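Please read the briefing below alongside the sequence and the model. The topics are confidence, domains and chain interfaces.

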Amino acid sequence: MSTPVKKAAPKIASTAREKLRPAINAVLVPLLAVFTAMVIGALVIKAVGGDPLAAYRGLFEGAFGSAKALSETTVWATPYIFAGLAVALAFKGGLFNIGAEGQLAFGAVAAAWVGYALPDVLGVTLPAVVHIPLTVGAGMLAGGIWGAIPGWLKAHTGAHEVINTIMMNYIALNMTSFLLNGPMKDPHPLNVVARTPRIAESARIPPIFPGLRLHWGFVLALAIAGIVWWVLQKTTLGFEIRTAGANPDAARYAGVSVSRTIVVTMMLSGVLAGLAGATEVTALNYRHELGFSVGYGFDAIAIALLGKTHPLGVVLAALLFGAMRNGATRMQFLTQIPVDVISVIQALILLFVAADAIIRWIYRIRAREERLVLTRGWGG
Amino acid sequence: MRKYLLASISLLTVVTLLAACAPAGEGEADCSDPDVFCVGLVTDVGKIDDKSFNQSTWEGVKQAEKELGAVVQYIETTDSKDYGKNIAQFADAGFDVIVTVGFALGEATLEAGPQYPDVKFIGVDQEQYPGAEVENVVGLIFPEDQSGFLAGALAALMSESGKIGSVCGTDAVPPVWRFGEGYRAGAQYVRPDVEVNIVYHNDVGFDKTFTDPEWGKTTAISMIDKGVDVVFGAGGKTGNGALLGCAEKGVMAIGVDTDQYYTVPEAQSALLTSAMKLLTPGTFDLIKMAMEGNFPQGGNYVGAAGLAPYHDLADRVPAEVDAKVQEIDQAFKDGTLQTGVSPAKPE
Amino acid sequence: MDWRRFGFIALIILILIGVVVLVGGGEVSPTIIVVSMLATTISVATPLTLGALCGIYCERAGVVNIGIEGMMLASAFFGWFAAIYLNSILQMAPMPSLLVGVVAAILTGGLLGLLHAVLSVTYKVDQIIGGTVINILAIGVTGFLNRQLFFEQGSIFGGQVPHAPGVLPRLKIPLLAGSPIASIFEQQPIAVSAVVLVLVTHFVLFYTRWGLRTRAVGEHPRAADTVGINVARMRYANVIIGGMIAGLGGAYFTLESVPSFEPLMTNGRGFIALAAMIFGNWSPFGAWMSALVFGAAQALQINLQFFREQIPSQWAFLQQAYIVGLVPYLLTMAILTGIIGKTTPPAADGVPYEK
């Protein structure tokens, strides 16, 4: 009488486990990569005389310890989500977009201009419902153009996008420096810094709660992540992008225009990065300032890889990186450990994610997914 | 395989819980205590290590620690969007004086002033404009144009080739502009036919313009190859590079901000003097005033500026030249001489 | 040597120097301008040449290396750190400290080369990702250690950056003493080494058995394997050598140019070196000439700023340092499009070899 029951029970349990298994496997290596990187980070902190537990406590407190901290974490995470999606989308298309930094900069500049100059140029005050989309749209357009250029060059001359996007970053830096020190400089008499004037009230995206800097741009980022997933998985365009990325020859055989797809992919990637810049301008700073290279470009690569180029993964990875950057200031304040240790940890995370064989070997996990290979030499 | 997995996951959970739930802070000084006088310094995006600007101000704060018993700390800003946040870290913890270093923090400091009325703010290089003063914010400013003027006059008088030069950070920063143009004005004042070549490092972003010694050195050497025999290096580490280029090529150099004889000893053989703005005593004096209760009610506090001693090159400076320089210096102090340099670069 | 490519490169350099002579010729004698620009060009082209040579060793063997930037940055830091440590803490004299520093830089480069080889050849990680990892790692580690070792109170240097033992001295040539063209040839040791290495690499790559094996592994690894060449070993060796050369390039920044370390001081030069390598069609002489072009562009920037007053108003945009600063980057992109000449990378470049 007991036998049929015994036979039934294990069957139910194993089905549940089977359903969970892919999910667990997907997050396992990235999670362990982060964990291992933090352990090594702790060793590094210890080696230079610091207290790792106090440091990490400070980091945690700074990132999640209060409503203000959480809000600041999302503020940091928002551009990371957009930039991470940009790089991830390019990866899906078999392309390596290191130009997120430059595309972001142009997106910010364009958005700022539409934000502060358009009402004057047109001679009318614009209602927010018109001005905000125009501003954000300008950012998307600028980023898209900046991304499309290296895409076009690759499609039609074979020039590898890695170096071109890096060069475009430096060109963007120079051009924005020129604009923000010159024609677009804030003419306010008290101002000496290279930055634009504040954008009009009608162009600003409001914060969600008064007093905290958490803004609707964050919600937009989450929504866009969902849209990117849907486009990639459920539309023809997404299919073309993924196929051209996985196997260009097979794609051509299937009738996909690979060169057109390359340009479109890079353009969309640029659009996403441009959004990162645009939301910073419209929702956070209300202007664009010649900031210091926070290194969004490289961070975005790490985020895209950590998130396994899946939009949900990217969001989670972006939140992690945002938390680390945000919490680092508090960590330095409390323990005098320099914020640069975060960069070391992030570099290690990237190392372990890229060479996941190392993680697999440490923790004895079998390989299940195929490897991401993007390099096919310099093309041409 | 599964055992390792479980082991690692549990380890992960344990450590995370440990980190999150452990008790906060050890025996740190409590700044909210009225008897504990705390001074915080927020740097510009740049570091405490720049051998001039941020560092000299920090020296002033450390002097307060040593002589006045203040508890001191600094935060380095890594991103300009964090200015407000970093100021708030100190203010919320009950610090009594917050020093913000650099004109770029001007706006954030003015915003923080009214939010934290009990805190005294010292804004280094943040000129407070009449009508826009905030009671607890004092701008520590310096007459860099006078300092530069003296340097220019000295350089013009000491130059044998009739060509002098200057390698500067970006002229978008008013103090740099004043140093550079003061140098030009001073040179032309004593020797109208002297050729003055000033190169501002405008081609890079703010993060690099004061931290590019390589460019500074290459530019200085390029000038020297064309006959320049005195170079004024005015722009943080970029300027330091110029001083090194002079030392390598055997021409005279003039430093900036502090007596660079001590901060760039590699250039001692070439260093004629430095156009100083005395950040350290200026900062210290204001902190002392705050502690004693005589902090100025908003507005500006003008620090001291002047030339450093000649050190190793003292015997190369003829008496008449030194006399002329002293004469100009005195004229500034009397108010009988104006440099004619605009406070910031005209649009 | 492709004469069309060579001619084009020489033409660009002439144009760059010519612009400055045109602008400033009235103020300063043209001879002085040309000499000054050539001297600057050779000097600043040093890290680009060395970076390009690193790229050549790696890619001729079939491994794409975009981590040159990170290798140079890390070597610049560790070489400098070694020199300072020996000089300040162990009281060694300046010259030996500097020389040991150079060795330390070379070793750092070699170590990172080893890492890249491990990632690319053994673990077969995508080579561009591997290179990016090296770049990010270098930025993070050098930034962190720079802060921790030099500016924290409890550190070994007591919170102050100790004074560096200077830089490597210029090598004076007695024959040319006093001559107006002396400054072109009186360069510092690493600059001279760069030129020497160009010659050595050319010889090794095209006239030795090692070079032949390397090229075989980069063009047809399967064929090479069949003939008994150990593909993995050749790739490891070349990538490590390339790393060491990049290490020497890093030493230029902190031991020859200025005696200090700045975070991110390499400033994209590792990537421009790659462009120089591509434009030079993976040949040492070609890469060297391309590096000189970029060096000349940098010299142009500096000199136009010097002669800013003399620039006629029609060319006012040249006064804008930001605009002139675009030249190296636009040049790189133009080169990559291949309008100037098709380039042929090694056939198996970037493809991991599966036995």
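The notes that follow describe the model by topic.

This is a predicted model, in which local features need pLDDT of at least 70 and side-chain atom pairs count only at pLDDT 80 or more, while totals for chains, interfaces and linings use all residues. Residues are numbered from 1 along each chain as its sequence is written, chains are lettered from A and ligands numbered from 1 in the order in which they are written, and side-chain values use heavy atoms, with hydrogens and water left out.

**Confidence in chain A**

- The mean pLDDT (the predictor's confidence in each residue, from 0 to 100) of chain A is 83, and 88% of its residues score at least 70.
- Helix α7 (residues 216-234) of chain A has the highest confidence, at 93, whereas α1(A) has the lowest, at a mean of 72. Helices (H or I, at least four residues) and strands (E, at least two) are DSSP runs, numbered from the N terminus.
- Residues 1-9 of chain A stay under a pLDDT of 50, and the model gives them zero contacts beyond four places in sequence. Contact means heavy atoms within 4.5 Å.

**Domains of chain A**

- Chain A is divided into domain 1 (24-50 + 339-366) and domain 2 (60-336), with bounds that come from an automatic or database domain assignment.
- The C-alpha centres of domain 1 of chain A and domain 2 of chain A are 26 Å apart, and each of the two domains brings 13 residues to the contact.
- About 1,200 Å² is buried between domain 1 of chain A and domain 2 of chain A, with 76% of it from carbon and sulfur atoms. Buried area is the accessible area (1.4 Å probe) that two parts lose on being put together, summed over both.
- In domain 1 of chain A, V339(A), I342(A) and Q346(A) lose the most area to domain 2 of chain A, together 43% of what that side buries.
- Between domain 1 of chain A and domain 2 of chain A there are zero salt bridges, a salt bridge being a side-chain nitrogen of Lys or Arg within 4 Å of a carboxyl oxygen of Asp or Glu.
- One residue pair (both at pLDDT 80 or more) is in polar contact across the interface of domain 1 of chain A and domain 2 of chain A. A polar contact is a pair of N or O atoms within 3.5 Å; within protein, one must be able to donate a hydrogen and the other to accept it, and residues adjacent in sequence count only if both atoms are side-chain atoms.
- On the side of domain 1 of chain A that touches domain 2 of chain A, α13(A) has the largest share, with eight residues.
- That side of domain 1 of chain A has 11 nonpolar, two polar and no charged residues. Here Ala, Val, Leu, Ile, Met, Phe, Trp, Tyr, Cys and Pro count as nonpolar, Asp, Glu, Lys and Arg as charged, and the others, Gly among them, as polar.

**Domains of chain C**

- The domain assignment of chain C gives domain 1 (1-44 + 283-342) and domain 2 (45-279), whose C-alpha centres are 25 Å apart.
- Domain 1 of chain C and domain 2 of chain C bury about 2,400 Å² between them, 73% of it on carbon and sulfur atoms.
- Zero salt bridges are found across the interface of domain 1 of chain C and domain 2 of chain C, while nine residue pairs (both at pLDDT 80 or more) are in polar contact.
- α13(C) gives the most to the side of domain 1 of chain C that touches domain 2 of chain C, with 10 residues.

**Interface of chains B and C**

- Chain B brings 36 residues and chain C brings 37 residues to their contact.
- The area buried between chain B and chain C is about 3,100 Å², with 50% from carbon and sulfur atoms.
- The count between chain B and chain C is two salt bridges; E262(C) and K237(B) meet in a salt bridge through their side chains (3.2 Å, N to O).
- The side of chain B that touches chain C draws its largest share, 10 residues, from α8(B), and has 13 nonpolar, eight polar and 15 charged residues.

**Interface of chains C and A**

- About 4,300 Å² is buried between chain C and chain A, 78% of it from carbon and sulfur atoms.
- F144(C), Y322(C) and M333(C) supply 16% of the area that chain C buries against chain A, more than any other three residues.
- Zero salt bridges are found across the interface of chain C and chain A.
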